[in-house]
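Me: Let's go through this structure together. Can you start with the surface terms?

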Amino acid sequence: MNIVFTNTNPIFDGLCGAFSFMGYDANIWMINNKPVYDMFYELKPDILFVKSVHIVPIVEKALIEHNTTVVVYGLPKELDFEPDLWCLADDVDIDFKLVDAPKVMTLKRAANLTYYAGGNPDHKLESDVFYASNFIAKENLVTNNIQYLLDKTDYKILSAGQTHIPSPACIGLCASKHLMSYLKSTKISLDFDNNFILDSIANKIFCLSNTENDFFPHYESPEEMVQLLDKFVNDDKARRKMVKQAYTKVIENETFFHRVAEIGSYLGHDEWQEQCQ
């Protein structure tokens, strides 16, 4: 079975990694680099995961012509065909009745177990606080909070990913493998809008977020963020205890293997449930 995803993003990367691990031929199609008909000719997808924003007229025409199972991810839009499944993001509050598809589900974020750094922490990459943006978060919120940390504390802070911080603390974009090595070597991962919290837990790292969650305390202001960092940064025992509890919950319920199994239940692929156990 050939499974193709349009472009790279954290959700599609996680699903693609899970399908690959399960033994399927899963590929990312960079939609701006390869015409849609070339993609169909070369990859011959049995299932195509496509973001709704990428369904422009030429893509829609190709989807209608080819006998491919189509899973759409993103905000509802009017289409000339009926997708097999429409997945809505977990931060979007939309009535399922407004989506023109026979089956609709909420596709929640999950821990990407292919983004995992094995072995011991690398002392050359150590930090007290590490921030990585695998989603594009609210730019001003992120920069203001991290700048506050840099100005008000003496912690060793590192930032990586798509959000640029005007400081030597910002190491910029880096490959997922290196990103996870930095994460493995920090004491506390800093999160915004619960974008990185599950990946942090999967790597057994304590995480502080500005959004209420089921795993760790959260902060609602830069001042509260610093107070929580002061409380936990040197309390290894407390961090390890909370991480252990969170890790069990995530590994048992919140990985992309769980998301694949759920998608399979909508598409009639019940065998995915067994393969994901």
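Reply: Accessible areas come from the Shrake-Rupley method with a 1.4 Å probe; for residues, only the protein chains shown count as cover. This is a predicted model: local features need pLDDT of at least 70, side-chain atom pairs count only at pLDDT 80 or more, and totals for chains, interfaces and linings use all residues. Residues are numbered from 1 along each chain as its sequence is written, and side-chain values use heavy atoms, with hydrogens and water left out.

Me: OK, how much area does the protein expose?

Reply: About 13900 Å². Carbon and sulfur atoms supply 49% of that.

Me: And what share of the residues is buried?

Reply: 52% of the 277 residues. Buried means under 20% relative accessible area, exposed over 50%, partly exposed in between (1.4 Å probe, protein chains only).

Me: Switching to rings. How many aromatic pairs?

Reply: The count is 15. Rings of Phe, Tyr and Trp (its six-membered ring) pair if their centres lie within 6.5 Å; planes under 30 degrees apart are stacked, over 60 edge-to-face, the rest tilted. Phe-5 and Phe-12 make a tilted pair, 5.4 Å centre to centre with 55 degrees between the planes.

Me: Are those two buried or exposed?

Reply: Both Phe-5 and Phe-12 are buried.

Me: Which residues are in the ring cluster?

Reply: Ring pairs link Phe-5, Phe-12, Phe-19, Tyr-24, Phe-49, Tyr-73 and Trp-272.
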